[in-house]
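Please read the following note alongside the sequence and the structure. The points concern salt bridges and enclosed space.

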Amino acid sequence: MQLGWIDRQRLVAYSAILLIASLPSFLHFYMQANGESGSDFLAFWSAGRLVLTGAAETVYDLKSTFAIQATVGRNDVFAFVNPPPFLFIVAPLGFLAYNQAWVAWICATYGFWLYQTRKADRELTWPIAAFPGALVSAWHAQTGLLTSGIQAAFATNLERRPFVAGLWTGTLIIKPHLAVLMPVAFLASRNWRAIAGAACSSTILLLLAWVVFGSGTMLAYPKSWEVSRALMANSGPEFFLRQTTVYAALRATGSEYLAIWAQGMTSVVLVCLTWRVWSIEVPTDAKLAFLFAASALVTPYLFNYDLAFLILPWLWLARQSRERLFGAWKRPLLVVLYLAPLACRALTFPLGINLTFAYCILLTALIWRCIIIEKNSAKTQPDAHHR
């Protein structure tokens, strides 16, 4: 089957067109963020304002947060729920007006993500820049681009500088459920330098946050758990359809017990598979591809705006040149996987079905299949040569 319409040159051109065509959409989300519906970004901006006024200990207090957000016309409150080290990042936002801070946040986090991620494949800068998962992250002005940039920095440093990769891993303390599988990977591969780096950076960040923002802020942080717990317990299907996990997909149908059981089983399986992949002799980039794909499913709490990091497993799949892995469907399959974060988001609400978690399962399964095929091939090749 000849599929010249999606060769590398055209892929770059189509990606550039996609990115340019998406730019007007940011005006819509800018107006939405400054309108009645508001934006989650209000939580970051108001926390920055409170830090700058010397009231860091009140960032988890809903009344204090509402008082700041009311100045831009809010009638309800977007709670700040991130750990105290995240305050180092949001504090500068307090110097800006809300609408200015919204623009600055998107530009800064997108720039950071793109700078770190393009190191994985500099020849595909345009497809990386236009990745729909990154566009969804940018629209929401949430943490997805920042954390995905950290994940990319970890990935691109792991093989050459494992201690530095560990340092980057430790900074995910600002959103720790994205790093659930990383300790498993480090232990399975006996990468003690990465473990040391992660321990150093996470500990230093916590101590700095304690020193700079005070014991009151550290002790107040558990208050945010009640907000998250209330959201998970009382939200309707629309809340769970925005997420990517097995738990969220089943909770959207109303079955909480089944959701907990299925997520628990899924998480255990993924931990075991991650251990297996990272303990066998396969290339590091293959291990990383599986790690990132599985990271989207191992936690019960993850939103569709957190998935910019899935460009990394997609890049790995794109580099797999052996036709026997996918057959003639390799290129169209890659196109589907590339567009899936946006397509799933667009179709989920009209259909009332969480399609994003199905996409994440497919991506994880494909990478697992590729790794096992390559592993089995490596075993048989020496025998064939001997004969």
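1. In this predicted model, the side chains of Arg74 and Asp76 are joined by a salt bridge, with a nitrogen-to-oxygen distance of 2.3 Å. The two partners should be considered separately with regard to exposure. Arg74 has a relative accessible area of 7% and is therefore buried, since buried means under 20%. Asp76, by contrast, has a relative accessible area of 40% and is partly exposed.

2. A second salt bridge is formed by Lys175 and Asp306, whose closest N and O atoms lie 2.9 Å apart. This pair connects distant parts of the chain, as its residues are 131 residues apart. Lys175 belongs to the loop between helix 10 (162–170) and helix 11 (182–188). Asp306 belongs to the loop between helix 17 (284–298) and helix 18 (311–319).

3. Are the partners of this second bridge buried or exposed? Lys175 counts as buried, at 10% relative accessibility. Asp306 is buried as well, with a relative accessible area of 1%. Both values fall under 20%, which is why the two residues are placed in the buried class.

4. A further salt bridge links Glu238 and Arg242, with 2.8 Å between the closest N and O atoms. Glu238 has 46% relative accessibility and counts as partly exposed. Arg242 is also partly exposed, its relative accessible area being 33%. Neither value is under 20% or over 50%, so each residue is assigned to the class in between.

5. How many salt bridges does the structure contain in total? The count comes to six. The pairs described above are among them: Arg74 with Asp76, Lys175 with Asp306, and Glu238 with Arg242.

6. The next topic is enclosed space. Rolling a probe the size of a water molecule over the atoms shows where empty space is left. The structure holds one cavity of 30 Å³ or more. The largest cavity contains about 30 Å³ of space.

7. Which residues line the largest cavity? The lining consists of Val59, Tyr60, Leu62, Thr65, Ala79, Phe80, Val81, Ser224 and Val227. At least two of the lining residues come from helix 4 (62–69), and at least two from helix 13 (223–234).

8. Finally, the chemical character of this lining may be noted. Seven of the lining residues of the largest cavity are nonpolar and two are polar, while none is charged. Thr65 and Ser224 are the polar residues in the lining.

Key: Residues are numbered from 1 along each chain as its sequence is written. This is a predicted model: local features need pLDDT of at least 70, side-chain atom pairs count only at pLDDT 80 or more; totals for chains, interfaces and linings use all residues. Side-chain values use heavy atoms; hydrogens and water are left out. On a 1 Å grid over the protein atoms alone, a cavity is a set of points where a 1.4 Å probe fits but cannot get out, and a pocket is an open set with protein on both sides within 12 Å along at least five of seven lines; lining residues have an atom within 4 Å of a point. Grid points are joined across faces, edges and corners, and a volume is the space filled by probe spheres set on the points. Helices (H or I, at least four residues) and strands (E, at least two) are DSSP runs, numbered from the N terminus. A salt bridge is a side-chain nitrogen of Lys or Arg within 4 Å of a carboxyl oxygen of Asp or Glu. Buried means under 20% relative accessible area, exposed over 50%, partly exposed in between (1.4 Å probe, protein chains only).
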